[in-house]
Amino acid sequence: MKIIAVSNYDEMSRQAAELVVDQVKKKPTTLLGLATGGTPVGTYTKMAEAQLRGEVTYAQCRSVNLDEYMGLGPENPASYRYFMQDKLFNHIDILPENTHLPSGTNPDAAGECARYDALIDSLAPIDLQILGLGHNGHIAFNEPDDHFVAGTHVVDLGEATIDANQRFFDRREDVPRQAFTMGMAPILQAEHVLLLVSGEEKADILHQSLTGPITPQVPGSILQLHGNLTVIADKAALSKFPIGSF
């Protein structure tokens with residue numbers, strides 16, 4: 001585990017984008033595992049800026065996203081497909097057919113989970129998986145539970161997650177209560193995992209995830225088992241760690 005302490009969100013985003021760009025330069029056909037939510041937006045902006053400066057092309061890259069809300073189609077501004085188009089895909093030269101998310105509108109939930117697992121297996125392993133960390137320790141939409149789930153599955157979103165995501169919707173009652181999420185297996189099998197965390201409100205859960213018991217009650221704690229984990233976090237998020245520990 002490598003922990004990189006930075007001063008603020010912008011610096012976190014810059015260093016994360018540099019890691020992505022270096023990976024793509026090294027392997028143009030990189031399979032990127034991508035996350036949504038507020039945390040990676042700055043990284044995506046800087047990834048696009050790097051292409052504009054002529055530093056990198058994503059034309060041969062492929063991507064798999066972690067999750068999608070059930071019931072939301074790609075045209076819905078609150079869907080994660082729409083989010084990814086708006087925040088990243090529309091601004092870089094990755095081919096649309098090489099960007100993959102679960103389908104939130106497939107009425108056959110079990111079939112959609114099987115389809116997405118088969119897709120990931122056909123492309124795997126993920127070369128670089130970007131992750132955020134939820135206030136309750138969730139990674140992707142793997143919520144606190146009594147067991148870890150390996151494959152893609154439907155999850156009931158916890159109240160903390162609904163509260164956190166309410167800002168993307170007009171009303172709290174508009175937030176979907178279920179989502180498709182990638183399971184833990186592809187994340188743990190990724191060649192490199194990049195965990196991005198910002199803000200004092202994430203300090204306790206980041207400390208629990210990286211130093212506490214490995215338990216499905218804190219889903220992020222499973223990342224302790226990964227052999228190539230890089231954490232980029234600002235000083236506020238790292239405030240529960242001893243000074244000088246990294």
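**Exercise 1. Find the residue in β8 that is the bridge partner of V155, then place the two strands in their sheet.**

Step 1. In β8, V155 has A179 as its bridge partner. Keep in mind that you are looking at a predicted model.

Step 2. Now zoom out to the strands: β7 and β8 (residues 178-181) are paired antiparallel, with four bridges between them.

Step 3. Both belong to an open sheet of three strands, ordered β4-β8-β7 and paired antiparallel. β4 (67-69) and β7 (153-156) are the edge strands; each has a single partner strand, so one side of each lacks a neighbour in the sheet. From one strand to the next, the twist averages 30°.

**Exercise 2. Work out which strands pair with β6 in the parallel sense, and how its faces are covered.**

Step 1. Strand β2 (residues 31-34) pairs with β6 in parallel fashion through two bridges. Here L32 sits opposite L128.

Step 2. Strand β9 (residues 193-197) also runs parallel to β6, joined by three bridges. This time I130 faces L194.

Step 3. Recall that side chains in a regular strand alternate between the two faces of the sheet. In β6, L128 and I130 lie on one side, Q129 and L131 on the other, and all are buried.

**Exercise 3. Decide whether H138 is buried or exposed, and describe its surroundings.**

Step 1. Locate H138 in the loop between β6 (128-131) and β7.

Step 2. Buried means under 20% relative accessible area. H138 has 13% relative accessibility, so it counts as buried.

Step 3. Look around: the side chain of H138 makes a polar contact with the N136 side chain at 2.8 Å. Beyond its neighbours within four places in sequence, H138 touches G132, L133, E143, T161 and P219.

Terms used. Residues are numbered from 1 along each chain as its sequence is written. This is a predicted model: local features need pLDDT of at least 70, side-chain atom pairs count only at pLDDT 80 or more; totals for chains, interfaces and linings use all residues. Side-chain values use heavy atoms; hydrogens and water are left out. Two strands pair if DSSP finds at least two bridges between them. Axes are lines fitted to C-alpha atoms, for helices over the stretch in contact, and angles run from 0 to 180 degrees between N-to-C directions. Buried means under 20% relative accessible area, exposed over 50%, partly exposed in between (1.4 Å probe, protein chains only). A polar contact is a pair of N or O atoms within 3.5 Å; within protein, one must be able to donate a hydrogen and the other to accept it, and residues adjacent in sequence count only if both atoms are side-chain atoms. Contact means heavy atoms within 4.5 Å.
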